[in-house]
Amino acid sequence: MAIAPRSILAALICGLLVVFCSPAALAHDSLKASSPAKDATVTSLDEIELEFTSRVRMPFVALRDAGDRQVDLGEPQVEGKFVRTEVPEPLPAGKYVIAWRVVSSDGHPIEGEIPFTAEGEPSPEPSTPTPAAEQSTPPSVPAETTAPAAPESSAVAAAEAGDGIPGWIWVAAAALALVGVGLWLAGSRAKRPE
């Protein structure tokens with residue numbers, strides 16, 4: 001069976017189109033890093049920071065606790081590839097989930113969730129004074145203790161990786177190239193007079 005050179009050329013062109021056009025079609029932006037990071041444990045949280053692989057717009061950020069109750073947050077602010085949202089009040093100890101949604105630079109909406117755990121703010125332990133101490137000492141005003149908020153590490157941890165061309169595209173490209181070479185060899189052998 002002779003394979004027409006046009007068929008070989010068409011197969012090679014299709015293979016090249018798949019190899020060189022697919023990465024552009026698959027190149028949606030993604031979350032690069034976040035603070036707090038996925039599954040992190042934090043002692044306090046003043047701000048949620050999301051870093052994307054490219055500029056984003058129209059951000060939405062929500063924070064829910066383990067009981068699926070929404071926690072009040074500030075308005076999300078976009079600065080290039082970063083989205084920052086203020087957490088105005090200290091979080092009680094427990095598990096939380098950050099839900100986010102943005103419009104990526106290519107116009108497609110992307111979204112995700114980041115679970116983390118808050119250890120909560122430390123609270124002073126109540127002490128029980130002895131009756132003798134109460135009689136001998138004048139009443140005192142309790143001292144205010146303010147524990148400085150220990151920030152989560154300043155480095156923003158990676159949450160999702162999305163750089164580069166996926167491996168399956170390289171495998172598909174190699175397979176198409178081998179099929180194209182095989183068809184070309186079969187076509188060139190069919191042309192030889194015996």
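Biologist: What makes you call E8 and E9 a pair, and in which sense do they pair?

Modeller: In this predicted model, E8 and E9 share ten bridges. Pairing asks for at least two bridges, so ten is enough, and the sense is antiparallel. You can pick out one of the bridges yourself: Arg-101 has Glu-111 in E9 as its partner.

Biologist: What joins the two strands, and which residue in the turn has a positive phi?

Modeller: E8 and E9 make a hairpin, with five residues between them. Gly-107 sits in that turn, and its phi is positive, about 90°.

Biologist: How many strands belong to the open sheet, and in what order do they lie?

Modeller: Five, in the order E2-E9-E8-E4-E5, with mixed pairing.

Biologist: Why are E2 and E5 called edge strands?

Modeller: Strand E2 (40-42) and E5 each pair on one side only.

Biologist: What makes the pairing in this sheet mixed?

Modeller: Let's look at individual pairs. E2 and E9 run parallel and are joined by three bridges, with Thr-41 facing Thr-117 in E9. E4 and E8, in contrast, run antiparallel, with seven bridges; here Val-61 is opposite Trp-100 in E8. With parallel E2 and E9 and antiparallel E4 and E8 side by side in one sheet, mixed is the word for the pairing.

Biologist: Trp-100 caught my eye. Why is Trp-100 classed as buried or exposed?

Modeller: The relative accessibility of Trp-100 is 3%. Buried means under 20%, so Trp-100 counts as buried. Phe-52 comes out at 0%, so the class is buried there too.

Biologist: How many aromatic pairs does the structure hold, counting the whole of it?

Modeller: The search finds two. Phe-52 and Trp-100 form an edge-to-face pair, with 5.2 Å between centres and 70° between planes. This pair ties together distant parts of the chain, with Phe-52 in strand E3 and Trp-100 in strand E8, 48 residues apart.

Biologist: Why edge-to-face for that one?

Modeller: Two tests apply. The centres must lie within 6.5 Å, and 5.2 Å passes. Planes over 60 degrees apart count as edge-to-face, so the 70° of Phe-52 and Trp-100 earns that name.

Biologist: And what makes Tyr-96 and Phe-116 a pair, and of which kind?

Modeller: Their rings are 5.7 Å apart, centre to centre, with 20° between the planes. Planes under 30 degrees apart count as stacked, so this pair is stacked. Tyr-96 lies in strand E8 and Phe-116 in strand E9, 20 residues apart. Both residues are buried.

Biologist: Which residues have the most contacts inside the largest nonpolar core?

Modeller: Leu-50, Phe-52, Leu-91, Trp-100 and Phe-116, out of 21 residues in that core. Strand E3 (47-52), strand E4 (57-65), strand E8 (94-103) and strand E9 (109-118) each bring at least two residues to this core.

Biologist: Pro-76 next. Where is Pro-76 in the chain, and why is Pro-76 called buried or exposed?

Modeller: Pro-76 belongs to the loop between strand E5 (70-71) and strand E6 (77-79). Its relative accessible area is 16%, and the cut-off is under 20%, so Pro-76 is buried.

Biologist: What does Pro-76 touch, leaving out residues up to four places away in sequence?

Modeller: Pro-76 touches Pro-59, Val-61, Val-83, Arg-84 and Thr-85. From Pro-76 to Glu-86 there are ten residues in sequence, and 7.5 Å in space from C-alpha to C-alpha.

Biologist: What makes the links from the side chain of Asp-65 to Gly-67 and Arg-69 polar contacts?

Modeller: Asp-65 is in strand E4. Its side chain reaches the backbone nitrogen of Gly-67 at 3.0 Å and the backbone nitrogen of Arg-69 at 2.8 Å. The limit is 3.5 Å, so both distances fall within it. Asp-65 is also in contact with Val-71, Lys-95 and Tyr-96, leaving aside neighbours within four places in sequence.

Biologist: To step back, how many helices and strands does the chain have, and what share of its residues is buried?

Modeller: There are three helices and ten strands, following the pattern α-β-β-β-β-β-β-β-β-β-α-β-α along the sequence. Of the 194 residues, 25% are buried.

Conventions. Residues numbered from 1 in each chain as written. Predicted model: local features only at pLDDT ≥ 70, side-chain atom pairs only at ≥ 80, totals over all residues. Heavy atoms only, no water. Core = buried A, V, L, I, M, F, W, Y, C linked by side-chain atoms within 4.5 Å. Buried < 20%, exposed > 50% of the residue type's maximum accessible area, 1.4 Å probe, protein only. Helix = DSSP H or I, 4+ residues; strand = E, 2+ residues; numbered from the N terminus. Contact = heavy atoms within 4.5 Å. Polar contact = N/O pair within 3.5 Å; in protein donor to acceptor, adjacent residues only side chain to side chain. Phe/Tyr/Trp six-rings, centres within 6.5 Å; stacked < 30°, edge-to-face > 60°.
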